[in-house]
Amino acid sequence: MLTLTALLLAGCGPVPGPSATGGSATTPGATTGTTPATVPPGNSTGAGAGAEPGTASPGPSSGTADNSPGTSPGTATAASSPPAAGPTSSGWKTFTTSDGTLSFDYPAAWTVKDPAGEAPLGGEFVDVLNAAGKQMAALRTNVVTGSECGDQQPYLLIDSEPMQALTEPGAADQSGPRYVFEGRGDDKAAKASPPTYASYGITMMPEVTGPTSCPLFQLFLWPPSGALFGQAYDPAKNATPGGPGLPYLEKAKLYATTAEYQDVRKMITSLRPAGSGSETSTATKPAP
């Protein structure tokens, strides 16, 4: 039995912890509790040192990566790369959290919503919406809950990339953070419903080497506890090609071939400690 202290990022239900009182943040589709779980990690580069806390500024982001749809559930693989679906968005901004600790890059046409420290339980509570107003990812800090790994499920790895910039000093004995797009459950299921779900984000769980894994769990260590940056894959939010009758996990693999996914991936893998890059442009307020 594997005991973990982390946050389960499943395919349904609200994110635990603070709800925004000073902004219009939405939930990323995560759940917690005593459900079985697995953990979060990744590699990033980019600028952002000069961005003011809680603000967005024009700036470069981490480079894109050409990656290809993963294996079917029940087959583990060390890494997988979705084929490039054309260039990512032109024009990116840099966002720095209101506590001044983390920065990430995002498409200039997207919106960052941040209640700037008004979450009642503390920590950051940031949502990123695309130009159509649909949530693409959520950043949460100061989120931790105890969990145990119980029943394992068929495992699907769609995409993976190390994120060394988020590795904590002295954590060499742990698995390093990496970005993942992964799934669990029945590859014939029409909809996401436990135990079948897929999610993209950052994990610190060791890479799966067998055909099954603990339920999906995405969290990385970040003072004072842990954090997440990602969300459950949802065909209603994530624009996906293919017929509506395709199984849910097949849709997830198709989503990995889209330009929207490349933007999501580029944004999440750009997450880094604030001040780790260079910034020369003037900071501007994020869209309300």
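Reader: What is the pLDDT over residues 59-68, and how many contacts does the model have there?

Author: This is a predicted model, and pLDDT stays under 50 over residues 59-68. For that stretch the model has 42 contacts beyond four places in sequence.

Reader: What about residues 75-81?

Author: The pLDDT is below 50 over residues 75-81 as well. Beyond near neighbours in sequence, residues 75-81 have 28 contacts in the model.

Reader: And what does the protein average in pLDDT?

Author: The average pLDDT is 72, and 60% of the residues score at least 70.

Reader: Turning to the fold, how many helices and strands are there?

Author: The secondary structure comprises 2 helices and 15 strands. Of the contacts between residues at least 6 apart in sequence, 71% join residues at least 24 apart.

Reader: How much of the protein is buried, and what area does it expose?

Author: Buried residues account for 51% of the 288 residues. The exposed area is about 10800 Å², of which carbon and sulfur atoms supply 55%.

Reader: I should like to discuss the aromatic residues. How many aromatic pairs are there?

Author: The count comes to 11 aromatic pairs. One of them joins Phe181 and Tyr200, whose ring centres are 5.7 Å apart.

Reader: Why is the pair of Phe181 and Tyr200 called edge-to-face?

Author: The planes of the two rings stand at 80°, and planes over 60 degrees apart count as edge-to-face; the pair is therefore assigned to that class.

Reader: Where in the chain do Phe181 and Tyr200 lie?

Author: Phe181 belongs to strand E10 (residues 178-184) and Tyr200 to strand E11 (residues 197-203). The two residues are 19 residues apart, and their pair links distant parts of the chain.

Reader: Are Phe181 and Tyr200 buried or exposed?

Author: Both Phe181 and Tyr200 are buried.

Reader: Which residues do ring pairs link into a cluster?

Author: The cluster consists of Phe181, Tyr200, Tyr233, Tyr248, Tyr255 and Tyr261.

Reader: Which residue has its charged end over the ring of Phe125?

Author: That residue is Arg140, and its charged end lies 3.6 Å from the centre of the Phe125 ring.

Reader: One last residue: where does Lys253 lie, and is Lys253 buried or exposed?

Author: Lys253 is part of helix H1 (residues 248-255). Its relative accessible area is 10%, and the cut-off for buried is under 20%, so Lys253 is buried.

Reader: How far apart are Lys253 and Leu157 in sequence and in space?

Author: Lys253 and Leu157 are separated by 96 residues in sequence, while their C-alpha atoms are 9.3 Å apart in space.

Note on methods:
Residues numbered from 1 in each chain as written. Predicted model: local features only at pLDDT ≥ 70, side-chain atom pairs only at ≥ 80, totals over all residues. Heavy atoms only, no water. Phe/Tyr/Trp six-rings, centres within 6.5 Å; stacked < 30°, edge-to-face > 60°. Helix = DSSP H or I, 4+ residues; strand = E, 2+ residues; numbered from the N terminus. Buried < 20%, exposed > 50% of the residue type's maximum accessible area, 1.4 Å probe, protein only. Lys NZ or Arg CZ within 6 Å of the ring centre and 35° of its normal. Contact = heavy atoms within 4.5 Å. Areas by Shrake-Rupley, 256 points an atom, 1.4 Å probe, with all protein chains shown as cover. pLDDT = per-residue confidence, 0-100.
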